[in-house]
Amino acid sequence: VQLQAYGGGLVQPGGYLRLSCAASGSIFSINDMGWYRQAPGKQRDLVAVITSGRRSNVADSVRGRFTISRDNAKNTVYLQMNSLKPEDTAVYYCNADIIERGSSLLRGYWGQGTLVTVSS
């Protein structure tokens, strides 16, 4: 099982980006999917999370600007980021709680991270 994240890049303040993260491999089911971010010299923080039933929650710092969604048929989670600010600059990581085929264990998996830079 692996997660592949993409969609990062350089954007001006006030701009937007859409991140995607697709899970692939021998997957039986996926529970929660989420996005975290880590700025230089800081800890990794939760940005947004969404359940398999599409109930979602976002951090206070991005509420009203970021939206998380998922496509269960594609095993993919998205993060729509609008009104970006310089303080949103970070490496963004996706995370998913997955049960592999033939297993009863729920395990957390991480994507490789994608860099978002907000700068003029």
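Which residue in β9 does Gly34 stand opposite? I looked this up before anything else, and the residue is Asn95. I note here that the model is predicted.

**Entry: strand β4 and its partners**

I followed β4, residues 27-38, along its pairing with β9, residues 90-100. The two strands run antiparallel, and 9 bridges join them. I then turned to β5, residues 44-50, which is joined to β4 by 6 bridges, again with the strands antiparallel. In this pairing I find Tyr36 opposite Leu46 of β5. The hairpin of β4 and β5 has 5 residues between the strands. I checked the backbone there and noted a positive phi near 75 degrees at Gly41.

**Entry: the open sheet**

I traced an open sheet of 4 strands and wrote down its order as β1-β3-β8-β7, with antiparallel pairing. Its edges are β1 (2-6) and β7 (66-71), each of which pairs on one side only. On average, neighbouring strands in this sheet are turned by 15 degrees against each other, direction ignored. Inside the order, I looked at β3 (residues 17-24) and β8 (residues 76-81), which pair in the antiparallel sense over 6 bridges. Cys21 has Val77 of β8 opposite.

**Entry: the nonpolar core**

Which residues touch the most other members of the largest nonpolar core? I list Trp35, Leu79, Met81 and Tyr92, out of 30 residues in that core. The elements giving two or more residues to the core are β1, β3, β4, β5, β7, β8, β9 and β11. β9 gives the largest share, 5 residues. I took Leu79 as an example and listed its contacts beyond four places in sequence. Among them are Leu17, Leu19, Trp35, Val47, Phe66, Ile68 and Tyr92.

**Entry: Thr114**

I placed Thr114 in strand β11, residues 114-118. Is Thr114 buried or exposed? Its relative accessible area is 10%, so I enter Thr114 as buried, the cut-off for buried being under 20%. A polar atom of the Thr114 side chain lies 3.1 Å from the backbone nitrogen of Gly8. Leaving out residues up to four places away in sequence, I find Thr114 touching Tyr6, Gly7, Gly8, Leu19, Ala90, Val91 and Tyr92.

**Entry: salt bridges**

I counted 4 salt bridges. One of them joins the side chains of Asp88 and Arg37 at 2.9 Å, N to O. These two come from distant parts of the chain, 51 residues apart: Asp88 is in the loop between β8 and β9, and Arg37 is in strand β4. Asp88 and Arg37 are both buried.

The side chain of Asp88 also meets that of Arg65 in a salt bridge, at 2.7 Å, N to O. Arg65 is in the loop between β6 (56-58) and β7, 23 residues from Asp88. I checked burial for this pair too. Asp88 has 0% relative accessibility and therefore counts as buried. Arg65 has a relative accessible area of 10%, so Arg65 is buried as well. I therefore drew Arg37, Arg65 and Asp88 as buried, and I recorded the three as linked in a network of salt bridges.

Another entry is the salt bridge of Arg107 with Glu100, where the closest N and O atoms are 3.6 Å apart. Arg107 counts as partly exposed because its relative accessibility is 46%. Glu100, with a relative accessible area of 24%, is also partly exposed.

Conventions:
Residues numbered from 1 in each chain as written. Predicted model: local features only at pLDDT ≥ 70, side-chain atom pairs only at ≥ 80, totals over all residues. Heavy atoms only, no water. Buried < 20%, exposed > 50% of the residue type's maximum accessible area, 1.4 Å probe, protein only. Polar contact = N/O pair within 3.5 Å; in protein donor to acceptor, adjacent residues only side chain to side chain. Contact = heavy atoms within 4.5 Å. Pairing = 2+ DSSP bridges. Axes fitted to C-alpha atoms, helices over the stretch in contact; angles between N-to-C directions. Core = buried A, V, L, I, M, F, W, Y, C linked by side-chain atoms within 4.5 Å.
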